[in-house]
Amino acid sequence: MSTPTKPRDPAASMSLIREITEHPLDPSYEQVAAQRRAAGLPQQTSLRSPGVIIACVLVGFAIAVAALALRIPHTQVQAEKDALIQRVDSAQSRIDKANATIQRTQLEITTLQNEALQREDQDALAARLAQAETTSGTLPVTGDGLVLEVNDAKDTAAGSGDDPRDLDDSNGRLTSTDMQILVNGLWQGGAEAIAINGQRLTSLSAIRFAGQAILVNFRPLQPPYDIVAIGPASMRSAFQKSASGAYLDNLTGSFDLRASWRTGKQSLPAAPAPVLSYATVPEEKNQ
């Protein structure tokens, strides 16, 4: 006959939990705490002890040194960027001075040409030459015309893409395509000469888009954009009746761009000196 087994104590499986709750300290820590109590010291080390304070000061100093070290590369990059911008501005200033000298020289040449043609009784040829110079933009012109001022929408945020029309936060920004359509509408309306923010347009001019800037003659422009045109009095009404006029109405109505007109006497500068291209007949080689 088998001996009945003693029922298992349900609390036996709880011995580990009871040990943790009743004796939370490790025996070694508890022994040290008892020794501190016997010596009349607190059981725990105070956070205000000199050692803890010194350690905190050292850690704070190390963090400050690390933060300063991380800022040094940014400072160096900014210094290099500023130096590069200064070099670009200096080179652009020299180019502007050279262009001004070229334009003054070109004006002197034109004056001498006209005087020579008048002495030779070539008034018709002088008139044709003056018309060609006006069309090519090699000389500054003055006459009756208008100014179409176009500006981005208010509170327009700068986007990060190549085409601001693709971004919701910059739909109110004028693009190079918009500028091309407006300029073409003025040409179609009878404009004889056009300049944008002082940049004269010719058959060789390019209106492009780079980042968030519109480039005309490879020069970045800043809004507002003044499109100055010299031409007949009917130029504005012809523009507004064209597809470009409807496009401008869509820009102002749908994208909140701002546009205004001014009329009166206008003066346009000469275009940048064109690069002369020529060809020569190659010498025949002996067969």
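Select Asp 144 and Lys 265. Their side chains meet in a salt bridge, 3.5 Å from N to O. The term covers a side-chain nitrogen of Lys or Arg within 4 Å of a carboxyl oxygen of Asp or Glu. Asp 144 sits in strand S1 and Lys 265 in strand S8, so the pair ties together parts 121 residues apart in sequence. Helices (H or I, at least four residues) and strands (E, at least two) are DSSP runs, numbered from the N terminus. Both Asp 144 and Lys 265 are exposed. Exposed means over 50% relative accessible area, buried under 20%, and partly exposed in between, with a 1.4 Å probe and protein chains only.

Before moving on, note that this is a predicted model: local features need pLDDT of at least 70, side-chain atom pairs count only at pLDDT 80 or more, and totals for chains, interfaces and linings use all residues. Residues are numbered from 1 along each chain as its sequence is written, and side-chain values use heavy atoms, with hydrogens and water left out.

**More salt bridges**

The structure has 4 salt bridges by this rule. Go to Asp 96 and Arg 219 for another one, with the closest N and O atoms 3.0 Å apart. Asp 96 is in helix H3 (residues 50–119) and Arg 219 in strand S6 (residues 219–221), 123 residues apart. Asp 96 is partly exposed at 31% relative accessible area. Arg 219 is partly exposed too, at 25%.

Now pick Asp 152 and Arg 173, a salt bridge with N to O at 3.5 Å. Both residues lie in the loop between S1 and H5, so the pair ties together parts 21 residues apart in sequence. Are these two buried or exposed? Asp 152 counts as buried at 5% relative accessibility, and Arg 173 is buried at 11%.

**Helix H5 and the core**

Select helix H5, residues 176–188. Its end C-alpha atoms are 18 Å apart, which agrees with the 18 Å expected for 13 residues at 1.5 Å a residue; the expected span is 1.5 Å times one less than the number of residues. Buried residues in H5 include Ser 176, Asp 178, Met 179 and Leu 182. After the helix comes Gly 190, with a positive phi near 110°.

Next, show the largest nonpolar core. Such a core is a set of buried Ala, Val, Leu, Ile, Met, Phe, Trp, Tyr and Cys residues joined through side-chain atoms within 4.5 Å. This one has 25 residues, and Met 179, Leu 186, Ile 196 and Ile 227 touch the most other members. H5 gives the largest share, 4 residues. Click Leu 186: among its contacts (heavy atoms within 4.5 Å) are Leu 146, Ile 227 and Phe 239. A second, separate core of 7 residues includes Val 141, Val 147, Ala 193 and Val 228.

**The aromatic pair**

How many aromatic pairs does the whole structure hold? The search finds 1. Select Phe 239 and Trp 261: the ring centres are 5.5 Å apart and the planes at 65°, so the pair is edge-to-face. Rings of Phe, Tyr and Trp (its six-membered ring) pair if their centres lie within 6.5 Å; planes under 30 degrees apart count as stacked, over 60 as edge-to-face and the rest as tilted. Phe 239 lies in helix H6 and Trp 261 in strand S8, so the pair ties together parts 22 residues apart in sequence. Phe 239 is buried, at 1% relative accessible area.

**Last stop**

Select residues 51–70, where UniProt (unreviewed entry) places the feature "transmembrane region". The span is 100% helix and 0% strand, and its end C-alpha atoms lie 29 Å apart. UniProt positions are in the numbering used here, feature names are shortened, and annotations may be inferred rather than shown by experiment.

Technical notes:
Lists of a residue's contacts leave out its neighbours within four places in sequence.
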